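Welcome, and please have a look at the two chains below before reading on. The notes that follow walk through confidence, folds and the interface in turn.

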Amino acid sequence: MSTREIVVENLTKYYPGDVRAVDGVNFTVKAGSIFGFLGPNGAGKSTTIKILTTLALPTSGSARVGGFDVVSQAREVRRIAGVALQDIGLDPLMKSVELLALQGQLFGMSRKAAVKRAHELLELVRLTDAVGRRVGTYSGGMRRRLDLALSLVHQPEILFLDEPTTGLDPASRRDVWEEVRRLNRELGMTIFLTTQYLEEADRLADVVAIINKGVIVAEGSPARLKAAVGTESINVAFDSHETAGRAGAVLADMAQRIQTDRDTLRLYMSQAAQAIPAVVSRLQQADLSPISLTLTQPTLDDVFLQVTGQRLQAQDAAQAA
Amino acid sequence: MATQVYTQQTIQLKDETSGPKVWLPMQIALLTWRNLVTIFRKPEALLPPVAISVFFLIIYRSTLGRAAGYIPDIGGSYLGFILPLSIVSSSLSGAGVAAQNLVRDIEKGYFDKLLLTPVSRSALLLGPILAGAVILGLQASIVTGVGLAMGLQPATGLPGLLAVIGLAVLLGTGFAGFTVSAALGSGNAAATQGASFIFFPLTFLAPTFVPLNLLDGWLRTAATVNPITYVIEAMRALINTGWDGAALGKGVLACLILATAMYVLAFYALRVRTRRT
């Protein structure tokens, strides 16, 4: 039995040419929790997961998975860890049961137990209809679910998911989320997941660490991170970017920070709700009529913007399109 | 609360399902079987080596069969003299099957998945190679069968033909060490295919059409150090002249030397590919 914890201390991974993929990362994932590692492409997420799952060696620092050292006790780590990498690793010529049963047998199960386990897992990820088909004929969502099932064959205590929903349609994405929550809730599995989707981290993770350029720039529960940013915003939409810009000039002194995003003006301020009447009357005086006006609580995107100076949301939208 | 209960259940299941480390021969058997199953699901890779070997067998016999009367030291029929070339070339190109399977796993990411299991590194290598050996044994048998259908009368009978096929398997399995090294080194199907074609010139730097003593100059030197020469000569003896311990011994030895060198290379390539960096 492992500790089901992940403890990472001063972890670095440098590549030749002074590329600092991971640059002194510290974090602890508590047993039975879901930890979200959030960051844009190339932030160091995949490198970290490769080190934690024994596929890569760190340059310096230490990482213990379930109490086992990822460098010197790689075999033990592999026994207790399940891994679904970003690039799905399936043989298109094999059938789902064959893949799962082989994996089980390589982990030391008898043929009978492995086949039984394969059918259990296919039920878990709802792939029982496709049992007789070769994996090559599966859709992207089905492959992702089978890959997830494959990582669960040996009853891992800690599960690593590298961008588990990248490239999936919204419905499949929700399926995977539900699956992840279920594994965590029902089996008490510790889950480490990387994502570049804010919504995913927000919905799934107990604790989120934001990584940018190899460094963790913020860490905490989604609620606490959002509270730390603290600023609510009033979003006012206009008929054009230009109108929004003029409105921005009129309202400049009212907000702590103003941002124009296409035809929408965002006014960041504390106690935004009380400020709404004043905003509306200023706009009327300037003869500017808004199309809509909404109030938003801070999001993880705001946290990301505050700590990195850039937005993750734009990437999100581009990926979804 | 619920978490506690399920956790205990998980641990129980774990004890029941994931036992001790799997016995190495069992790992190898599992991976060999898996490779064989997938090879037969992609039969289009299997037929060309056999078809090409049979084609050349017919062509050589038709173009050179008559002229063969002028070549001394053939020993028996020209068909029996040229058949080993076809068998050898089918077994060498058949050796590519092992590498193709391996490189597909690398390209599809399934190889990484296997690396995350407690499977032994040598099983990862021997699985595709042994599956390839089964395939090239079948291919050599088919080419031999075609020879029989064309009227071949082997001097050593059925046991001799089995020895011929055995030599083909031994040679092809050794050569598979080379193609598999290319697969591990490049991780790329096209490069692996390209490397496999080195067998083609090798079969001609040998006493391919005439006995070794009729070769001249550099070609004779090349043929003398080419292990394929000794395999072909051993096969010719078995088919055309009879049991010849010395020829057979040299053939087997040539296969073993080739295999040893290629397996050292393959294990080195495996080490490099699976080295954690």
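What pLDDT does chain B average? In this predicted model, the average for chain B is 86, and 93% of its residues score at least 70. One stretch to treat with care is residues 1-19 of chain B, where pLDDT stays under 50. For that stretch the model has 24 contacts beyond four places in sequence. For the model as a whole, the scores are ipTM 0.82 and pTM 0.79.

**Chain B**

Let us begin with the helical partner. Chain B has 13 helices and 0 strands, so that its elements read α-α-α-α-α-α-α-α-α-α-α-α-α from the N terminus on. Its C-alpha trace spans about 90 × 35 × 35 Å along the principal axes. Of the 277 residues in chain B, 44% are buried. Taking the contacts in chain B with a separation of 6 or more, 82% of them link residues 24 or more positions apart.

**Chain A: two domains and two sheets**

Now to the other chain. The domain assignment splits chain A into domain 1 (6-226) and domain 2 (231-297). Their C-alpha centres lie 42 Å apart.

Two open sheets of chain A are set side by side here.

| Strand order (chain A) | Number of strands | Pairing | Edge strands |
|---|---|---|---|
| β2-β1-β4-β5 | 4 strands | antiparallel | β2 (19-29) and β5 (68-69) |
| β12-β13-β11-β14 | 4 strands | antiparallel | β12 (257-261) and β14 (292-296) |

In the sheet with the order β12-β13-β11-β14 of chain A, the twist averages 20 degrees from one strand to the next. Within it, β12(A) and strand β13 (residues 264-269) of chain A pair in the antiparallel sense over 5 bridges. One residue pair to look for is Thr260(A), whose bridge partner in β13(A) is Leu265(A).

Two helices pack on this sheet. Helix α9 (residues 241-251) of chain A touches β11 (232-237), β12 and β13 of chain A, and its direction makes about 175 degrees with that of β12(A). Helix α10 (residues 272-285) of chain A touches β11, β13 and β14 of chain A, and its direction makes about 30 degrees with that of β11(A).

Turning to the sheet with the order β2-β1-β4-β5 of chain A, β1(A) and β2(A) run antiparallel and are joined by 8 bridges. Here Val8(A) has Phe27(A) as its bridge partner in β2(A).

**Two backbone details in chain A**

Strand β1 (residues 6-15) of chain A also holds Asn10(A). This residue is not a glycine, yet its phi is positive, near 50 degrees. Is Asn10(A) buried or partly exposed? Asn10(A) counts as partly exposed because 13 other C-beta atoms lie within 10 Å.

Gln155(A) likewise has a positive phi in a residue other than glycine, near 55 degrees. The setting of Gln155(A) is the loop between α5 (140-152) and β7 (158-162) of chain A. Gln155(A) is buried, because 22 other C-beta atoms lie within 10 Å, and the cut-off for a buried residue is 20 or more.

**Where the chains meet**

How many residues of chain A are in contact with chain B? The contact takes in 36 residues of chain A and 31 residues of chain B. On the chain A side, α2 (74-80), α3 (96-106), α4 (111-124) and α6 (170-187) each supply at least two residues. The largest share, 4 residues, comes from α3(A). By residue class, the side of chain A that touches chain B divides into 18 nonpolar, 10 polar and 8 charged residues.

A good place to look from the other chain is Arg276(B), found in the segment after α13 (245-274) of chain B. Which residues does Arg276(B) touch, not counting residues up to four places away in sequence? They are Thr54(A), Leu55(A), Ala56(A) and Leu57(A). Arg276(B) is partly exposed, because 14 other C-beta atoms lie within 10 Å.

Methods
Residues are numbered from 1 along each chain as its sequence is written. Chains are lettered from A and ligands numbered from 1 in the order in which they are written. This is a predicted model: local features need pLDDT of at least 70, side-chain atom pairs count only at pLDDT 80 or more; totals for chains, interfaces and linings use all residues. Two residues are in contact if their C-beta atoms, placed from the backbone, lie within 7 Å. Ala, Val, Leu, Ile, Met, Phe, Trp, Tyr, Cys and Pro count as nonpolar, Asp, Glu, Lys and Arg as charged, and the others, Gly among them, as polar. Domain bounds come from an automatic or database domain assignment. A residue is buried if 20 or more other C-beta atoms lie within 10 Å of its own, exposed if 12 or fewer, and partly exposed in between; C-beta atoms are placed from the backbone. Two strands pair if DSSP finds at least two bridges between them. Axes are lines fitted to C-alpha atoms, for helices over the stretch in contact, and angles run from 0 to 180 degrees between N-to-C directions. pLDDT is the predictor's confidence in each residue, from 0 to 100.
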